[in-house]
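User: I am new to this structure and would like a close look at one part of it, taken slowly. Please choose a part that can be read with some care, and tell me as well where caution is called for.

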Amino acid sequence: MLESLYKYAQDNELVAVPGFVPKNVRHYICFSVSGVFLGFETLEKDAEKIMCPDIGSLANGKTKSNIIAEKAAVILNLPDEKTGEYKYAEKQKFYFEALSEASQHDSSFVPAVNGLKDYYDRILSAFEADKKLKSGDVMSIKVDGKPLESSHGYREWWESFRKSFETKKTGKRKRCFITGELTEPKMTVPPVQGLASVGGHTKGDSFICFDKDAFRSYGLEKAYNAAVSEEAVTGMNAALLELMKAAPRLAGAKNIHWFSQKPEYDVFDTLDTGLDLDLGFEPDPEDQQLRFETLKTEDERKVRDLFAFMMNKSRPEMPENRYYMMSLSGVNGRVMIRSYDEGTYDSLCNNIRAWFDDIAIYEKGYGYRYPKLFGIYSRMLKFSNDNRKLGERIDAELSGLSSQIMNCILHNTALPDSVASKVLMYIRSDLYSRTSDDSKRSRINIDLTASRILKAWLNRKYRKEKKEEYLIMDKLNENSPSKAYQTGRLMAIYAAIQRKALGDVGAGVVERYYTSACTAPALVIGKLATASQYHLSKLENKDKIFYSRLLQEIGCKIGTSLPKTFSLEEQSQFALGYYFQNSEMYTKSTVTEE
């Protein structure tokens, strides 16, 4: 894993110079060539991070700081916002002395050193007057419009300067865990940035650390437990940072991935983007070949090309290419690897295709569309009208389940039972919410994405148990051997009859009886059958014949008795029978049917 990260950094020219880390510098103290203070410059919020000299963990102490790019509180020795105490005097002194020493090796530093000294009071007043500036903001310096960190004249001095503070070398050489070469281990491995949004520290989190006895082996001290060279660990950190920039945040973690060779199509993107586009035609339901007409944007073209590659079952050009995937979060200043997986690109394509096959439900007028993982996860929460904190709820409630789901997708294995129970809870709470929300009463069917998840859970379970006869089709299966599936169809017919006879009655058959019918059918179906006879009497003759034939056909397949309770598997079958029967009766309004 570490070797592949380092190789990724080398292949993508990300290997950073040791002693430099990327920092998000948004504010600059600006000086002219003669050292005159010109004011502050603020960049856009989404400005790119830039490589700045960094002294590592020493900057966390009370006497040392980073040079050039550092917090405003340190550069200007600002008082603590809570206590009012001036506690950065020693760090500020170190900052000024380091800049002064650097100016002896790089003339571009001279105006900055003189300007900070001559215009200190004016700089402080300008800072206090500018409401955009905060004491915790990382600032740098510009001279004649050029950032000091971009200069190269000071770098040779900086290399020797930072090493003067490192622990003296012991002469003990060990094999680097990353490169396999003999090296003098880096005793303190620099932290990795990029996990602040998922529990990480703003200053970064340690990927390799040994500060507790429990983490040490054979009496070795600190880094000798897993020796890494400075160059290798700097490259590894650069790779992690680059990968985390593009990594989606989901369920309290960042899912990063990379390949041993860059493929033409990054099939991981299908899980993050989904295909929720109207295709402009109705494809053949017998296969999932995707054929697209008008392409509106370049991004849409890329998504459709990617899905066309996936669902047309194209073989990758480099089948033996390897993928690597990690789910990362931050805990107490350390990087937590929630899951790690690797395998061939060919198997990855096949397994993601299998996932889309399992969640595929054919929609008349649309064809096949595929939800993104965020949509999948959102159906495992109790339904709520307030979606503003949906991401936070996914983080809190699904952080332990997300890695299991990802593992099942990547290896084409059965999903945990908790997935089905959570989705069924979502369906019930969604239906219940309709009784108090007039805008939702017109919705005939249960949630499509929730139905997709149940279909995938059941089909993977049946393949594992070798019950192929129970596999769920991507459209209505009138001949399903499952009593629960047929009972779900029956429930949909009862609801349709009531709606046809009485119109909108507020809390109807579904809102009042769905949960009971789904869990304890024997207690409810008889009552619904009696009510349906009353509703049938109000229908026109052609409708009465149509629905009566449907009831008779389904009743023959159920038989003369129903179980008192339905298991988790049967509740899922019931939900899908209800969904598919409704889909058959109520299709997209633009489609003309016989």
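Analyst: A word on confidence comes first: pLDDT is the predictor's confidence in each residue, on a scale from 0 to 100. The score matters here since this is a predicted model, and its values vary along the chain. Over residues 588-594 the pLDDT stays under 50, and for these residues the model has eight contacts beyond four places in sequence. The chain as a whole averages a pLDDT of 83, with 89% of the residues scoring at least 70. Confidence in the chain is lowest in helix H9, residues 298-311, where the mean is 79, and highest in H14, where it is 95. The pLDDT is also below 50 over residues 277-295, although this stretch has 53 contacts in the model beyond near neighbours in sequence. Where pLDDT is low, the predicted coordinates should not be read in detail, and with that caution in mind the part to look at closely is H14, together with the helices that lead on from it.

Two packed helices are described by the angle between their axes and the distance between the axes. Helix H14 covers residues 448-465 and packs with helix H13, residues 417-433, at an angle of about 155 degrees, the two axes lying 10 Å apart. Since an angle over 145 degrees counts as roughly antiparallel, H13 is therefore roughly antiparallel to H14. The crossing in which H13 passes H14 is left-handed. On the H13 side the contact is formed by Asp417, Val419, Ala420, Val423, Leu424, Tyr426 and Ile427, while H14 contributes Ala450, Ile453, Leu454 and Trp457. Sorted by class, the residues where H13 meets H14 comprise 10 nonpolar, no polar and one charged.

H14 has a further contact, with helix H19, residues 568-585; the axes of H14 and H19 come within 10 Å and cross at roughly 130 degrees. That angle makes H14 oblique to H19, and H14 passes H19 in a left-handed crossing. From H14 the residues involved are Leu448, Ser451, Leu454, Lys455, Trp457, Leu458, Lys461 and Tyr462, and they meet Leu568, Glu569, Ser572, Gln573, Ala575, Leu576 and Tyr579 of H19. Leu454 and Trp457 therefore deserve a second glance on the structure, for these residues of H14 take part in the contact with H13 and also in the contact with H19. By class, the contact of H14 with H19 divides into nine nonpolar, three polar and three charged residues.

From H19 the picture can be carried on to helix H16, residues 509-519, which packs with H19 at an angle of about 140 degrees, their axes being 8 Å apart. H16 is thereby oblique to H19, and the crossing of H16 and H19 is right-handed, whereas that of H14 and H19 is left-handed. Val510, Tyr514, Ala517, Cys518 and Thr519 of H16 meet Gln571, Phe574, Ala575 and Tyr578 of H19. Ala575 appears again here, as it belongs to the contact of H19 with H16 and to that of H19 with H14. The contact of H16 with H19 has seven nonpolar, two polar and no charged residues.

Taken together, the helices can be followed as a chain of contacts, from H13 to H14, from H14 to H19, and from H19 to H16. For reading these contacts it helps to recall that H14 is where confidence in the chain is highest, while the stretch of residues 588-594, with its pLDDT under 50, is better left out of a detailed reading.

Conventions: Residues numbered from 1 in each chain as written. Predicted model: local features only at pLDDT ≥ 70, side-chain atom pairs only at ≥ 80, totals over all residues. Heavy atoms only, no water. Axes fitted to C-alpha atoms, helices over the stretch in contact; angles between N-to-C directions. Helix = DSSP H or I, 4+ residues; strand = E, 2+ residues; numbered from the N terminus. Parallel < 35°, antiparallel > 145°, perpendicular 65-115°, else oblique. Left-handed = near helix turned anticlockwise from the far one by under 90°. Contact = heavy atoms within 4.5 Å. Nonpolar A, V, L, I, M, F, W, Y, C, P; charged D, E, K, R; others polar.
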